[in-house]
Structure formats: structure tokens, C-alpha cells
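Reader: Hi! I'm new to this one, could you walk me through it?
Author: Happy to, let's have a look together.

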Number of protein chains: 2
Amino acid sequence: MVASSQVRASRRWDETVVERDRRLAAGARYARGKEVAAADVRGLLEAVIMPGDRVCLEGDNQKQADFLAGCLATVDPGKVRDLHIVQSGLVLAEHLDLFETGIARKLDFSYSGPQGGALARALAAGKIELGAIHTYIELFSRYFVDLTPNVALTVARAADRDGNLYMGPNTEDSPVVIEATAFKQGIVIAQVNEIVDKVPRVDIPGDRIDFIVRSPSPFYLEPLFTRDPAQITETQILSAMIAIRGIYEPYGITRLNHGIGFNTAAIELILPTYAQKLGLKGRIATHFALNPHPTLIPAIESGWVRQVHSFGSEVGMDAYMRARPDIFFTGRDGSMGSNRMFCQAAGLYATDMFIGSTLQIDLQGNSSTVTRDRIAGFGGAPNMGSDPHGRRHASEAWMKAGREAGGAGLPRGRKLVVQIVESFADKMAPAFVEKLDCLELAETLGLALPPVMIYGGDVTHIVTEEGVANLLLCRNAAEREQAIRGIAGYTEVGRGRDRAMVEALRARKAIQRPEDLGIDLLDANRNLLAARSVKDLMRWSGNLYEPPAKFRNW
Amino acid sequence: MVASSQVRASRRWDETVVERDRRLAAGARYARGKEVAAADVRGLLEAVIMPGDRVCLEGDNQKQADFLAGCLATVDPGKVRDLHIVQSGLVLAEHLDLFETGIARKLDFSYSGPQGGALARALAAGKIELGAIHTYIELFSRYFVDLTPNVALTVARAADRDGNLYMGPNTEDSPVVIEATAFKQGIVIAQVNEIVDKVPRVDIPGDRIDFIVRSPSPFYLEPLFTRDPAQITETQILSAMIAIRGIYEPYGITRLNHGIGFNTAAIELILPTYAQKLGLKGRIATHFALNPHPTLIPAIESGWVRQVHSFGSEVGMDAYMRARPDIFFTGRDGSMGSNRMFCQAAGLYATDMFIGSTLQIDLQGNSSTVTRDRIAGFGGAPNMGSDPHGRRHASEAWMKAGREAGGAGLPRGRKLVVQIVESFADKMAPAFVEKLDCLELAETLGLALPPVMIYGGDVTHIVTEEGVANLLLCRNAAEREQAIRGIAGYTEVGRGRDRAMVEALRARKAIQRPEDLGIDLLDANRNLLAARSVKDLMRWSGNLYEPPAKFRNW
């Protein structure tokens, strides 16, 4: 045996605690108790953040620590520099400003949305050292292993003077960000809309929070999951009908996630009409891992939906959810509670289907939302759009998909991963391409991995207005390619199909057209939508839904 | 548009709230504030649990709500019956008693450990309707979708009178169990070792807790992750050397999980000796998703380990962890904090390798710990022992494995999933078999899925004392089978090898023997262990580690 006393390095084992205490003391100069005045935040940040720190400046899918973001962008780059930003959403202009001034240098993130274009330019200009574009739960997981934040800048609706935080419906990423940071001796600062004597409920215990600051204005929330029914086209309605007849019904999908977009909004809006007529109520779409989409209101009100767990919230839905505790997860204060980590896990392991949209699909079924000039990130799609090999519970849908996938091994199920697109997207850009743009981008930027959203091997079905391709029933790469071409419409990829092979695939139901599914094209019109406008959604909700201004035209 | 007022069912939307309030009122008769006397718990349970309820009677991997389990076993089956038990660990005798008396009928779980035999008998006798044997994170995920508990019986070290709970190192499953239950209008009851004026830290906010009861004795903790170095054999040391030379070193594995068992304990104990001599310090085994294994102490003390996040705790390790905050995640009170949901996510998405043991491996590499007469469950192995297709960050280890796996598609990495076994296990049972016992059991019990722990398609390497098989380098099922036979020793499977094919596989390093790896068999002796006894571990820890009585022979 090696002598323990000899080998053991004579070192301290609480350097992180000493360092935290030092930072807390430096920060305390700006605080009264845990409270810091808005005007002192810049000083606080300069006192507690060190060069090279990993910082999570909470930018969630929806909720933004915007005041703290603005403050961080104004710190002296001589004092605070070369930060490694580790946060899921990089969606505010201030998030990118940090890299312009040298305050930040390295980036690991998940989603950039509106900053996708600016991010692509900053990367091309060499201003950002990119770690990886993660799916949410992957980035959160790394918070506990090799990307633990030194400082977390979080955001809540209210705090009490002990630092107990109330997030209400927008709990989102905060629990995981704060737990990883606080338990590894990091510093946690929260901007809050108000400081109160007693918070309505405690989402985060105060002993995990070091400083609180009342922001001059309420935090910014992005209404990311609202789709105006008025914008839904007849093509999208047709695709929605194909999805229900071709997938939801035969597999009996009860537990699922819907991606963001008009295609899945259309599905939500024809559940109480089209699917109702098919007698599917109670047999499909009962349990969701889903943000509170306003377009789900008619299905909820019609008694289709039994339970919804959410990643985050949605602007305008608070009062509606508060009035529907039988459906949504709600805290003891009566308001909804979300949790992106838990809901992403639910989307991975506890649902039978993910259905979502994308910008580009190639001949192997790989998809990406990254184009030459935009790096939008993927959010939850890579996670929920993958087959979890660790799953060990059976369901009819999962077992049926597993049987179709065949293979010589042991009996096993398969997650249904569905991509739903129109053959031509905005500005007539084809959804089907020979080569994904993201491959070229990966070469240009020298990325280790091309930013593929969902790999073709995980995709089971692709739906367009022309039909549904069941890739599980394809026995080789050539069949797979023809199944994809066979529903790719008048895109170049679609026109390049081998007609005989496509018809053979159709004969064995690897491709199904509307007529094969008993769909009358004449039915695919806007009368099928349970709500045809945002105002309709409001009415369905008994006026509990309060649409954000940008969706009101009245 | 369908008229919303017409379609909308005239129903209440807060039935779950009304029902919760009714139950709380019924339970309040047994409580003063939130406090319930131990003698009144039976009455409380009969008041708040309804027939057919889904109940999580917290049984974690280690921490047990044993007092509440005992109380539930004594309720009147005329009042409380047909429960659907949804909990990760079914490890106490009382857990099974529930099914004998009809109090419980249906079961969804993850791990049964010491009750594996009794569970198999109860299933065979038709006393339990089995849902599924999940991996932890999968069961937790279903808590938010279709297995939400109506009642959670949880356990903590201390509570204050508002119900704020302190779990200290054994936070484990509680946060996810309680969040799912409390936010879906369920009832949460906590047994605690003591009721105090102020808890050292808040692990669970009190507004999620309905009733607290001081248990007559502290909750039971199972020292599940302690392996006595005195029991480690030279065969296991040899396998450990093979694993380090054959996998850790060439792939440069820094982020990893070790399963439970003597094989991985041996690896931990030769890091500061064998791996040190190889110059691997800082290049392998730096970041762990791992319970606080006592056998990791010498590696920690020697400066090998940078960070450990834990699923749960381990008996006797509290003081040691408290003194090592630079390594472990610790709360503001100074004691460690664990979280099984977060750590399982970390094990899935943020590590490059899972290495663990099993009881049986078949010719395709499928493994199971389920045998004809024992259903032990799998715990975290199916999750961590799977390749997460949603992962989007690169690392050297992951990319190297991906290159070896080859394939025609886009560049992509691969999780390393390693099974390490001795060719013959206890009582000379062969680890390698033509057919897994669990297949027969699945037929007998009519299970939809055979309880496979890790599917062969996810396994990348198998290590025995005879060598390491790299399944990534096998190009077809026949090669794969021979690679497995080629390291299966003198088992029947091993003796059935095709010698020429095995040598061919060896020539291209799909099989590597100790001599191929520069390992001198004479070095494989117990002198290589940094600690050879539990007492040695204690000394390494500066006497901070306090071994449980069953591991003390002095």
C-alpha cells in the first residue's frame, strides 16, 4: 500500500469555500442584507465575478434576466473579462454584446432564436469561442460535471428578504441552474420584480441565494409558443389531418410532445373537430409534456387533455392555467409551476412521440434548423427527438413502432420521432435538400460536429402535405431515400424520385397519401380549426387567456 | 368553428384541488399544524389515502421512509386498498407486505436489491400486477406524465414547523417525488428524525409539505456503495488494470460513472498506484457522476479527482464530504447535497463512459441482473449504459469511439458503455451465457419486455480477466460474438470460440490481452491497492470516514 500520508498532497480542501466567502464579502459592500440597489449592481458584478469565470446569465427559453444582462454588459472589461458563458438561451442583444467587448469569450448554449443571425456573424468574425450547441438537458447535465457555473444571474417574480424566490409559472431553468451553482460554492444573484414580506410560494429556498435586486422593470418574457390560428394555412391543416390519421390514430399516441410551429398548432386545433369526428377522443393526445400553447385551449376545454407538464410558461396564459389545476401542474399558491429539466426528462423518457418541425431535411432524414447565416440552436428537439435506449417500460405505441423497426435482436419498442414540414417553407425555400446547410457551416467554422438537430436514424416518420413516410418500414438506405423523396412534393428532391420504387413503398404503406388515409382534400380548410383567430382562443378560454399585445388586432 | 360554449363540457376544472382540500381536512384531525404524532400516522394514512391511489412510499437507492412504510403496512385494507405503488426502491420487507394484504396491487419500480427474491416469488404467485421495471430517471419522468403520485410519503433528517425539510447528503429522489406530487394536488407526508426551530438548510420548501411526523427512530440508510477492499481479488485487480490500459488511457476518459461492485472498486483503488505510474493523473477519471464511494477516497486524497456529483450519499461518508467541499457538491450548511434525477441526467448526457458489472451477458452483448429467482431491478444502469442520441457536444473520448463505430452517416460520437465481469461469478456461475435467464422469466410472467439491463447494441467494451473486447471494432454479428467468446475465459461460451477468428480480431485490436497492453500478470496483486482494508480507507480519510458497523472488524 502506498503510504497515505506520503502521497496525500498537503493542500486545502475548501479553497472554493474560502473563495466564495471572499467574493461574498466583496459583494456585501453593495448590499444591505441580501438586497442590492439597482444602481449598485454593476459594482456588485465587478466585485463577485472574476476573469475566466463560468457564468450563467439566465436566459431561458422564455424568461430573461434582462436587467442583470444589461448590467453585465456595462462592467469594466478590465475587471471582468474572458467569461465562459454557459446558459441555455442567448436571445438578448446584450448577451452578444458581452463578446464584442471582451467581457465574455467562450460560449456553451442551447438556443439563440432571435440572435441566430448575429451569433453566426460573431462566430464567423472569430469573436466567440464556441464550445457546443447543446440540447437543454445536456447543458444542464454538464452544470454538474464539467460546466458548473461560478456565478449564476437568475430571475424571479418576487423575493422575500431572506432570498426565498417565487417564480410562479416561469420556474423554467432556474432550479437546476441555481442548485448546480449554489452547491458548488458559486454565487447566485437574482433580479426580481418585487421584494415582498412573504412570497406566494417558495420555488427556490433563500439559502441558495446570495444577493437580490429589484429590477427597474419586470423581467422580459418572450411569447415563444403562441401561434396565431389566423396564420394557419390549408396546407398545414392537410398535414395535420395526415398526421392524425397516419400516426396518432394507428399508434394510439396518448403521451406526447409537440414542437413549436404552425404545423403542430394545426394539429392541436383540429383535435376537437376532425379527430373528434374520427372518434379518437380519449384514445390519443391525453398526456402532454408541453408548454402551455394557447392553441391547445380548445382541446383542453373540449375534454381531450388530461394532464400537461410544462418546460416553461407562456405569456398571457397565467390566469387560464390558474383556473385549470386539474390539467396543469400548479403550486399551493394556485399558480402553475414549470421545470425545464424535469419536463425535458419527461419528454425523453415518458412520452411515446415527439412531433416537430424543421427547416431542412436531407435524403437520410437528418434535419437541421441551422442555415448558412443563422445559428438558432435546437432547444429540446435533439433530446425529445431521440430514441432513449434506456427506456424499459412498454406501451402499445412504443411496441408497435418497435415491431415495425424489426431487427434480429430482443423484442423492444421504439420512440416515434416525427418531422412535419411543408415541402416548401417561407420564401419558397425547399424543406428537402441533398445536403444540409449546417455541414458547410461546420466546415467554415471548424466545428467538431455539424449542428444536426435530429439524426435520420432516430426519425420514424416525415409528414408533408403530400403524405406520410414511415421510415420504420424502409429496409435499407435506398428505400429510405425514396420514401423521403416520395413525400417531398415539387422540391428538387421530390422531383428526383424513382416513381416505381415510390409506388412499391406506397403499396406496403411505407408511404401513405391523403387518399390512402381516407382524407378528403376538400375537408382540409380553415373551417376545421376549432379556433381561427387569437380572439377565438380567448373566447374558448372564457376570456381567461390574455393574449400579448402583438397578437391583438382589435 | 365549433361553438366553444356548445362543445365545452360543463365541468369543474379544480376537482383535484377540492379533493386535496377534502383529504387535508380529513388528515388535519390527526395533526397540530403540520405535525402528526407517530401514534396517529396510521389514522392519518387511512384518512388521506384512497383506494386505487398511486402512492410513492419513498424508498430510494439508500434512504428509506421506513417508519411510514411500517405504518402503511398496518392500515385497514378495507379502507386503503388496491394502491398502485410508484417508487424507485422496493427494498424493505414492508414494501412487499403491502401486496400480501391487498393494500397494494400494482407496482412500477426501479430497484429491489435485497427483496429481489421475494419480489420474484410474489410476482410468480400473482400477487403483484407489474407495470414495468424502470431505470430511475424514466420512472421519475413518468411522475410528470402518467404516473403522478396522489400521495408521497417522504423522509428527511429534520423539519421545521412550517414543513421545510432538511435532507442533508441524502437528498436523493425527494425533490422530484415531492415536486411531481405537490404540484399535481397530491398529499405529501414526511417522516423526519427531528423537528427543529430552524433547519440547517432548506432542501424542500415547506409549502410543498402537508404533514410531518417525527419517527421513533432515525430513518434506515443502506450502505449500498461500500465495498471492502479486503474482499477484492487478484482477478479483479487484473481486470481493473486491463480497463485502465485498454479503455481509460487510450480514450482519455475524464468524465465518467462507475457502477457498484468490486470490479470498479478495484479500479478506484489502483488509480493512485498503477495509473499513477502510467502517468495518467489529470488525464483520466477527473470528473465523476458517482455516489461517494469510500473506495474513491485514496484517489481523491491523491489529487486525482476534481469533482463529484452524487445521486445519493453513503453511510459513514458525511464528515469526510463535509471536509472536502472542493470535491463534492455541498450546501450552504456545509453538508453534501445529492439529487438522483440531476445526477442520472449527468450520467446520461455529461459523461463519456459508464462502466459497471452485471450477472449475465449473452452472445450479442445483452446483459441482465435478473435471474430465474431474483428480480433485482436495474437502478441507473439502463440510463447511464445507453448512448444518448440527443447529445450534441464533442469530446475526444466520445469522438474516438464514434470514429471506431464507423458507419456511413454524418460524423458523430459515441458513449462508451463498458461491462466489466469475471468470467465466473459467485458460486462458479458463468457470466457469459447463450441465453439470458431474464428471457425465460419474461415468458413465465408474461412481461411485455424481457428485463434486459443494457442492450448489446449500446455496449462498446467488455472486460474480463482474459482481456478486453472492443465491440466498436466488430463489423458484424459473427465478429461480435467471437469477440465476446474470445474474452469469456473457460466458460462454455468461452470454450466455444473460433480460435482463428479470435486471433484475427486480436490482430486488429478488437480483442486485447493483458500482454497486448503491456500488463505484467505478476503486478496484478493486492499490493497494487491503495487501500487493502476498510481501516486503510479510514486512515486515508484522516479518520473522517466512519465505516458502518458491518464493515468494522476491529
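Author: What follows is a short chat about the two domains of chain A and where they touch. Keep in mind that this is a predicted model.

Reader: Which residues go with which domain in chain A?
Author: The domain assignment gives 32-214 as domain 1 of chain A and 229-536 as domain 2 of chain A.

Reader: And what separates their centres?
Author: Taken over C-alpha atoms, the centres of domain 1 and domain 2 of chain A are 32 Å apart. Domain 1 of chain A puts 35 residues into the contact, and domain 2 of chain A puts in 33 residues.

Reader: How much area is buried between the two?
Author: About 2,400 Å², with carbon and sulfur atoms giving 57% of that area.

Reader: Switching topic: how many salt bridges are there between the domains?
Author: There are four salt bridges between domain 1 and domain 2 of chain A.

Reader: What about Glu172(A), which side chain does it meet?
Author: The side chain of Glu172(A) forms a salt bridge with that of Arg340(A), at 2.5 Å from N to O.

Reader: Nice! How many residue pairs are in polar contact?
Author: Between the two domains of chain A, 24 residue pairs are in polar contact, both residues being at pLDDT 80 or more.

Reader: Which elements supply domain 1's side?
Author: In chain A, helices H6 (116-124), H7 (136-142) and H8 (174-182) and strand E7 (129-133) each supply at least two residues. The largest share, six residues, comes from H6(A).

Reader: What classes of residue are on that side?
Author: The side of domain 1 of chain A that touches domain 2 has 17 nonpolar, 13 polar and five charged residues.

How values were computed:
Residues numbered from 1 in each chain as written. Chains lettered and ligands numbered in written order. Predicted model: local features only at pLDDT ≥ 70, side-chain atom pairs only at ≥ 80, totals over all residues. Heavy atoms only, no water. Domains from an automatic or database assignment. Contact = heavy atoms within 4.5 Å. Buried area = accessible area lost by both parts, 1.4 Å probe. Polar contact = N/O pair within 3.5 Å; in protein donor to acceptor, adjacent residues only side chain to side chain. Helix = DSSP H or I, 4+ residues; strand = E, 2+ residues; numbered from the N terminus. Nonpolar A, V, L, I, M, F, W, Y, C, P; charged D, E, K, R; others polar.
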